[in-house]
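Colleague: Please take a close look at one part of this model for me, the salt bridges that share partners. Describe how they are joined and where their residues sit.

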Amino acid sequence: MMAAFASGKGFQSDPDVYTRPANCPPDVEQLGSATWTFLHTTAAYYPERPTPLQRANMLNLLHSLPVLYPCSHCASHLGQDMKHNPPDVSGRIGLSRWLCERHNEVNEKLGKDSFDCAKTDERWKDGPSDGSCD
Ligand SMILES: Cc1cc2nc3c(=O)[nH]c(=O)nc-3n(C[C@H](O)[C@H](O)[C@H](O)COP(=O)(O)OP(=O)(O)OC[C@H]3O[C@@H](n4cnc5c(N)ncnc54)[C@H](O)[C@@H]3O)c2cc1C
């Protein structure tokens, strides 16, 4: 149920206490990880020189997040951030960096390490140079 999801009910982070079955609806962390995967991967494969229509569609996708993302406090924080940092849809490098910076804003808010934005292609498109993901 969306209200319970948004309020975080049912979430247990300590696996010793309770492990949620795999077929449960996603909690905030699972939804977040899946959404970042989608967004970073989409940015990694966004064209170097997008058409006006591709730019418009990407802007629509990004601007829909603060309205539709089903975690209300996450959506609200992203909306505030995007007011000060409008999306860069000029090409895949700019978009990947913009998204990395938005993700780092959330990482900082949650007390997590910052991600090195020079490594977005390695993480989301090319894999490490040692070939371990080939
Ligand atoms: C738009 C949005 C807003 C969110 N807001 C909140 C919030 O306000 N409160 C809250 O509790 N949770 C929020 N979340 C969820 C939160 O960001 C994490 O997804 C969740 O805590 C799970 O974290 P994780 O450790 O699995 O890694 P995630 O943060 O989900 O990251 C997944 C993977 O992305 C890579 N990565 C990490 N940082 C970056 C980066 N900057 N650029 C590129 N790749 C990176 C790493 O390899 C990492 O393993 C939000 C999620 C989204 C999509």
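Modeller: Arg97 has a relative accessibility of 42%, so this residue counts as partly exposed. The model is a predicted one. Arg97 pairs with Glu101 through their side chains, in a salt bridge with an N to O distance of 3.6 Å. Both residues belong to helix H5, and because they are 4 residues apart there, about one helical turn separates them. Glu101 is likewise partly exposed, at 34% relative accessibility.

Glu101 also takes part in a salt bridge with Arg102, where the closest N and O atoms are 4.0 Å apart. With shared partners, the salt bridges join Asp81, Arg97, Glu101 and Arg102 into one network.

The remaining link in this description runs from Arg102 to Asp81, whose side chains form a salt bridge at 2.6 Å, N to O. This pair connects distant parts of the chain: Arg102 lies in helix H5 (residues 92–109) and Asp81 in helix H4 (residues 72–84), with their positions 21 residues apart in numbering. Arg102 has a relative accessibility of 4%, and since buried means under 20%, Arg102 counts as buried. Asp81, at 8% relative accessibility, counts as buried too.

As background, side chains of opposite charge can pair when their charged atoms come close. For the whole model, the count comes to 7 salt bridges.

To trace the network in the structure, start at Arg97 and go to Glu101, continue from Glu101 to Arg102, and finish by going from Arg102 to Asp81.

Terms used. Residues numbered from 1 in each chain as written. Predicted model: local features only at pLDDT ≥ 70, side-chain atom pairs only at ≥ 80, totals over all residues. Heavy atoms only, no water. Helix = DSSP H or I, 4+ residues; strand = E, 2+ residues; numbered from the N terminus. Buried < 20%, exposed > 50% of the residue type's maximum accessible area, 1.4 Å probe, protein only.
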